[in-house]
Amino acid sequence: MNGWFTVEEIDPQTFAISEYKHWEETHCYLLCGLERAVLIDTGLGVSNIRSVVAELTTLPVMAVTTHVHWDHIGGHQYFDNIAVHEAEKDWLSVRFPIPLDAVKKNLTMPPFAFPEGFNIDAYQVFQGMPQRILHDGDRLDLGGREIHVIHTPGHSPGHCCFYEPEREYLYSGDLIYKGCLYAFYPTTDPQLYYESVRKIQNYKIEKILPGHHQLEIPTSLVTEIEAGFAQIDRSGQLKHGNGLFVFGDFQIQI
């Protein structure tokens, strides 16, 4: 198994593939059905995630994107079947919204322990044409396993969560996790972020599988984050430039 990634079994058909040796601690998720599989996000791209996936399944794999940020699309280069929400198609295929120098600066912020042979000078942000465009309410049929697409903008215009009704799993990307939730970039929208958190409260969730940091998080975190946004909103500060708000297990930066 590739030494850069850590693989953890969620259940016999679901695996978290994580990059704990980097400060982002990014999680990707391999979901296997009877006929095909999806890989939700592909991480930083500093090591070949496809080689790890190949050790876990022989099914055809589609790389499905929660959002087109550098730390979630780095391994897209290893797949020939990619899906992305319509609002971020051009970010993937035409122009990534962040300069390469800024990406490299973030990538090389400590702590990190890059794999042997990684060359930062050769690092590029993936650009390519997606094979499938996602929309809110779409369903991904894996054969005996169905995944629902939930458009949850705010952190980015095309951010999506993925929901599995049978298992009641929510793959939350950068919408829900323990840590700092970012809604301060020019391409973010704090109000839409708040609305997206409220939107996923309509789903029955047994397990949250986040995009970063601690893998085991309580489902109550959704309610806590909603309450945090509500508090900021009531104070009239839910708009860019109002700084960092601290709420115990998470922070909101707007």
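**Exercises on a predicted model**

In this predicted model, buried residues account for 55% of the 254 residues in the protein chain.

**Exercise 1.** Determine whether the radius of gyration of the protein chain agrees with that of a compact globule.

*Solution.* Step 1: for 254 residues, a compact globule would have a radius of gyration near 18 Å. Step 2: the value for the protein chain is 17 Å, and therefore the two agree. Step 3: for the dimensions along the principal axes, the C-alpha atoms fill a box of roughly 50 × 45 × 30 Å.

**Exercise 2.** Describe the secondary structure and the contacts of the protein chain.

*Solution.* Step 1: the protein chain contains 6 helices and 15 strands. Step 2: consider contacts between residues at least 6 apart in sequence; 61% of these join residues at least 24 apart.

**Exercise 3.** Characterise the surface and the charged side chains of the protein chain.

*Solution.* Step 1: about 10,800 Å² is exposed, and carbon and sulfur atoms supply 48% of this area. Step 2: there are 18 positive and 33 negative side chains. Step 3: the centres of these two sets lie 3 Å apart.

**Exercise 4.** Establish how the buried residues of helix H5 are arranged about its axis, and what they pack against.

*Solution.* Step 1: helix H5 spans residues 190-200, and its buried residues are Pro190, Tyr193, Tyr194, Ser196, Val197 and Ile200. Step 2: viewed down the axis of H5, these buried residues fall within an arc of 160°, so they line one face of the helix. Step 3: in an α-helix there are 3.6 residues a turn, so residues three or four places apart point the same way. Step 4: the packing partners of the buried residues of H5 are strand E11 (169-173), strand E12 (179-182) and helix H6 (220-234).

Definitions and conventions. Residues numbered from 1 in each chain as written. Predicted model: local features only at pLDDT ≥ 70, side-chain atom pairs only at ≥ 80, totals over all residues. Heavy atoms only, no water. Helix = DSSP H or I, 4+ residues; strand = E, 2+ residues; numbered from the N terminus. Rg over C-alpha atoms; globule rule 2.2 N^0.38 Å. Buried < 20%, exposed > 50% of the residue type's maximum accessible area, 1.4 Å probe, protein only. Contact = heavy atoms within 4.5 Å. Areas by Shrake-Rupley, 256 points an atom, 1.4 Å probe, with all protein chains shown as cover. Lys, Arg positive; Asp, Glu negative; His and termini not counted. Charge placed at Lys NZ, Arg CZ, Asp CG, Glu CD. Arc of directions from axis to C-beta.
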